[in-house]
Amino acid sequence: MAERRDKFTRGWWFILPGLTLMVAVVGTPLVLGFSYSLQDVFLYAFDAKTFVGFENYRRAFEDPLYINALRITAIFTLGCLVLSVGFGILIAFLLNARQVRLRPFWMALFLIPFVMTPIVGGIAWKFFIWEQDTGIINSILDLFGGPQPYWLLDRETALLAATITNSWHLIPLAVLVFYAALTTIPDELHEAGRVDGAGPFQALWYIILPILRPHILFVSIIIITSAFREFDMIWALTGGGPGRATTVLSIFAYNRGIANQDMGMANTIAFTMFIIMAVVAWVYITLYRKTGRHEA
């Protein structure tokens, strides 16, 4: 009995240092943030805290600006998810083709956006891609006599531009995971598909995508959590404007906490983001485990 108990506790002793560090690093800010969300806390009088319970949460959910930021964040996250996973699979599929030459070069090229910091990527896209007079997009449109929109200054196009830019930053992560998964698919499956007359896109749809399902779920949760809390890229592109067209929850929390100095409300917004992401992560992990058991 004592030997069995020793076997059970031995592993916990090994992970105890890391577990303690994680609780200190992750748990302490979480508890402090939740504590501040239950109080009226202002930067100009930080010591004069007043406990208000869940009043800040009630104010947040009754605030149309919070609802608008939540809607913008959901659209932005969904757009990044669709673009990143879609282009990630397509690029990984093309890179894995036998006819591709200089594969390491193309892999390195596609990974450049991922190693670039979001703030630098956002500034680069702002001045070289989306700029109205000299940007690449409008230069191409000008060749065909198209319109010359103010991509980042127009309420109708600013969110689309921010979504595409952030997807450009996230696609390499998807390419990396999907390409690694594609290299594990046996050649016999591709050969069987070719014998049955399957073309490249039929092979992608009927053979590769079902095998990639757990990897798609894994990449999706990484992209969702990253896009949902994105701040740097959007701030570099638009600063949350024009108006509130690109004010996602992270920028809304920043404005409340720094511009309005209302740290109680800023922590409330941040904590609602944490709860939403925790629920989404739980759903995805449940699906991931079910998919893994099904594949096994």
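# Questions about a predicted membrane-annotated chain

Me: Leaving aside neighbours within four places in sequence, which residues is Q202 in contact with?

Reply: This is a predicted model, and in it Q202 sits in helix 9, which covers residues 200-228. Once the neighbours within four places are set aside, the residues in contact with Q202 are G197 and I207.

Me: Is Q202 buried, partly exposed or exposed?

Reply: The relative accessibility of Q202 is 43%. Buried needs under 20% and exposed needs over 50%, so a value in between has its own class. With its 43%, Q202 therefore counts as partly exposed.

Me: Let's look at the whole chain. In what order do helices and strands follow each other along the sequence?

Reply: There are 12 helices and two strands in the protein chain. Reading along the sequence, you meet them in the pattern α-β-β-α-α-α-α-α-α-α-α-α-α-α.

Me: How much of the accessible surface of the protein chain belongs to carbon and sulfur atoms?

Reply: The C-alpha atoms fill a box of roughly 80 × 75 × 30 Å along the principal axes, and 39% of the 296 residues are buried. The accessible surface comes to about 17,400 Å². The part of that surface belonging to carbon and sulfur atoms is 70%.

Me: How far apart are the centres of the positive and negative side chains?

Reply: Two sets of side chains enter here: 21 positive and 20 negative. The distance between the centres of these two sets is 9 Å.

Me: Where does UniProt place the feature "domain: ABC transmembrane type-1", and how much of that span is helix?

Reply: The unreviewed UniProt entry puts this feature at residues 70-284. The end C-alpha atoms of that stretch are 20 Å apart, and strand makes up 0% of it. So that you have both values together: the domain is at residues 70-284, and its helix share is 74%.

Me: And how far apart are the end C-alpha atoms of residues 266-285?

Reply: The unreviewed UniProt entry lists residues 266-285 as a "transmembrane region", along with others including residues 72-95. Residues 72-95 are 100% helix, with end C-alpha atoms 34 Å apart. Residues 266-285 are 100% helix as well, and their end C-alpha atoms are separated by 28 Å.

Me: Is N166 buried or exposed?

Reply: N166 is found in helix 7, residues 158-182. Not counting residues up to four places away, N166 touches F76, C80, A227, E230 and M233. Its relative accessible area is 0%, so N166 is buried.

Me: C80 touches N166; how far is C80 from S226 in space, C-alpha to C-alpha?

Reply: C80 lies in helix 3 and is buried, with a relative accessible area of 0%. Besides N166, the residues C80 touches include T163, S167, L170, I223 and A227, not counting those up to four places away. In sequence C80 and S226 are 146 residues apart, while in space their C-alpha atoms are separated by 9.5 Å.

Me: Let's turn to the rings. In the aromatic pair of F54 and Y57, which residue counts as buried?

Reply: The structure holds 13 aromatic pairs. One of them joins F54 and Y57, tilted, at 5.6 Å centre to centre and 50° between the planes. F54 has 56% relative accessibility and so counts as exposed. At 9%, the residue that counts as buried is Y57.

Me: How many residues apart are Y66 and F252, which form another aromatic pair?

Reply: The rings of Y66 and F252 are tilted, 6.4 Å centre to centre with 55° between the planes. Y66 is in helix 3 (residues 64-95) and F252 is in helix 11 (residues 249-259), so the pair links distant parts of the chain. Both Y66 and F252 are buried. Their separation along the chain is 186 residues.

Me: Which residue with positive phi follows helix 11?

Reply: Helix 11 has buried residues, among them L249, F252 and R256. After this helix comes a residue with phi near 60°, namely Q261.

Me: Which tryptophans do ring pairs link into a cluster?

Reply: Ring pairs count when the centres lie within 6.5 Å. The cluster linked by such pairs consists of W125, W130, W151 and W168.

Definitions and conventions: Residues are numbered from 1 along each chain as its sequence is written. Side-chain values use heavy atoms; hydrogens and water are left out. Rings of Phe, Tyr and Trp (its six-membered ring) pair if their centres lie within 6.5 Å; planes under 30 degrees apart count as stacked, over 60 as edge-to-face and the rest as tilted. Buried means under 20% relative accessible area, exposed over 50%, partly exposed in between (1.4 Å probe, protein chains only). Helices (H or I, at least four residues) and strands (E, at least two) are DSSP runs, numbered from the N terminus. UniProt positions are given in the numbering used here, feature names are shortened, and annotations may be inferred rather than shown by experiment. Accessible areas come from the Shrake-Rupley method with a 1.4 Å probe; for residues, only the protein chains shown count as cover. Lys and Arg count as positive and Asp and Glu as negative; His and the chain ends are not counted. The place of a charge is taken as NZ of Lys, CZ of Arg, CG of Asp or CD of Glu. Contact means heavy atoms within 4.5 Å.
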